Amino acid sequence: MSKFEAQIHAAKAYLLQTSVDSSSNLYDHLSECLSKILDERPQNAVDVFERVSESVKKEKFQPKKDTLQDQEGPSAKAKVAELQKPLFEKTAADQDVEGEEEVAIPFPDLMDNARYFEQGRIGLGQEETFRIFLALKKLTQEFPLASARFWGKIFGTEADYIVAEAEYQE
């Protein structure tokens, strides 16, 4: 083996050393960069070499996607839950009522009525009925109402509408 061949083997061995930080080697990286440049054949290869090198590194180090961890954002259910969260929080009026005896509620027991509808296989379901009950309760706490009751649900093309009938106190 000539001195020149020995130098080439030594240089290749040096380029094949694995990096501690990236667990890659310079020889493979340069090979991929040159291959990409030869495939694309840009006008100014010298000027775009750094960008090509950066894109090769980014392609190589893309994290593996895991269906259990990768979520683009909050799901539709999470968004609805966030919107409805204030309905489930206790207010000052709720805490005052706990110590006292029963107070006259200005709206009928919606859950009891819904149970009768469910026995007839019609109705909105327990979850939706309970959310409507909480919304009516919040409505009566925020406004001086003599009475409030659930009237019905209208199914719209863009959204559904819950209709409540209420009467202000005089």
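This report walks through the fold, the cores and a few individual residues of one protein chain.

**Overall picture**

A good thing to know at the start is that this is a predicted model. The protein chain holds 7 helices and 2 strands. Reading from the N terminus, their order is α-α-α-α-α-α-α-β-β, so if you follow the ribbon from that end, you meet helices before strands.

How much of the chain is hidden from the surface? Of its 170 residues, 14% count as buried. The accessible surface comes to about 14400 Å², and carbon and sulfur atoms own 54% of that area. Among the contacts in the chain with a separation of 6 or more, residues 24 or more positions apart account for 39%.

**The cores**

Now for the inside. Which residues make up the largest nonpolar core? There are 8 residues in all: Phe107, Leu110, Ile132, Phe133, Leu134, Leu136, Leu145 and Ala148. Two elements, α7 (126-142) and β1 (145-155), each give two or more residues to this core. The largest share, 4 residues, comes from α7. Another core lies apart from this one and has 5 residues, including Cys33, Ile37, Val48 and Val52.

Back in the largest core, Leu134 is one of the members. Setting aside residues up to four places away in sequence, Leu134 touches Leu87 and Phe88.

**Three buried residues**

Some polar residues are worth a visit too. The table gives the relative accessible area of three of them.

| Residue | Place | Relative accessible area |
|---|---|---|
| Ser24 | loop between α1 (3-15) and α2 (26-40) | 14% |
| Thr140 | helix α7 | 15% |
| Lys36 | helix α2 | 18% |

Why do these three count as buried? Buried means under 20% relative accessible area, and the values are 14% for Ser24, 15% for Thr140 and 18% for Lys36.

Let us begin with Ser24, which sits in the loop between α1 and α2. Which residues does Ser24 touch, not counting residues up to four places away in sequence? They are Gln17, Thr18, Ser19, Lys60 and Phe61.

Next comes Lys36, in helix α2. Leaving aside its neighbours within four places in sequence, Lys36 is in contact with Val52, Ser55, Val56 and Glu59. One of these partners, Val52, also belongs to the 5-residue core. With Ser55, the side chain of Lys36 forms a side-chain polar contact of 3.0 Å. You can also look from Lys36 across to Ser53: the two are 17 residues apart along the chain, and their C-alpha atoms are separated by 9.3 Å.

The third residue, Thr140, is found in helix α7. Where does the side chain of Thr140 reach? It reaches the backbone oxygen of Lys137, at 2.7 Å. Thr140 can also be compared with Tyr168, which is 28 residues away along the chain. The C-alpha atoms of Thr140 and Tyr168 are separated by 9.7 Å.

**Around the rings**

Finally, take a look at the aromatic rings. The model contains 1 aromatic pair, counting ring centres within 6.5 Å. There is also a charge placed over a ring: Arg115 lies over the face of Tyr116, at 4.8 Å from the ring centre.

Technical notes: Residues are numbered from 1 along each chain as its sequence is written. This is a predicted model: local features need pLDDT of at least 70, side-chain atom pairs count only at pLDDT 80 or more; totals for chains, interfaces and linings use all residues. Side-chain values use heavy atoms; hydrogens and water are left out. Rings of Phe, Tyr and Trp (its six-membered ring) pair if their centres lie within 6.5 Å; planes under 30 degrees apart count as stacked, over 60 as edge-to-face and the rest as tilted. A charge sits over a ring if NZ of Lys or CZ of Arg is within 6 Å of the ring centre and within 35 degrees of the ring normal. Buried means under 20% relative accessible area, exposed over 50%, partly exposed in between (1.4 Å probe, protein chains only). Contact means heavy atoms within 4.5 Å. A nonpolar core is a set of buried Ala, Val, Leu, Ile, Met, Phe, Trp, Tyr and Cys residues joined through side-chain atoms within 4.5 Å. A polar contact is a pair of N or O atoms within 3.5 Å; within protein, one must be able to donate a hydrogen and the other to accept it, and residues adjacent in sequence count only if both atoms are side-chain atoms. Accessible areas come from the Shrake-Rupley method with a 1.4 Å probe; for residues, only the protein chains shown count as cover.
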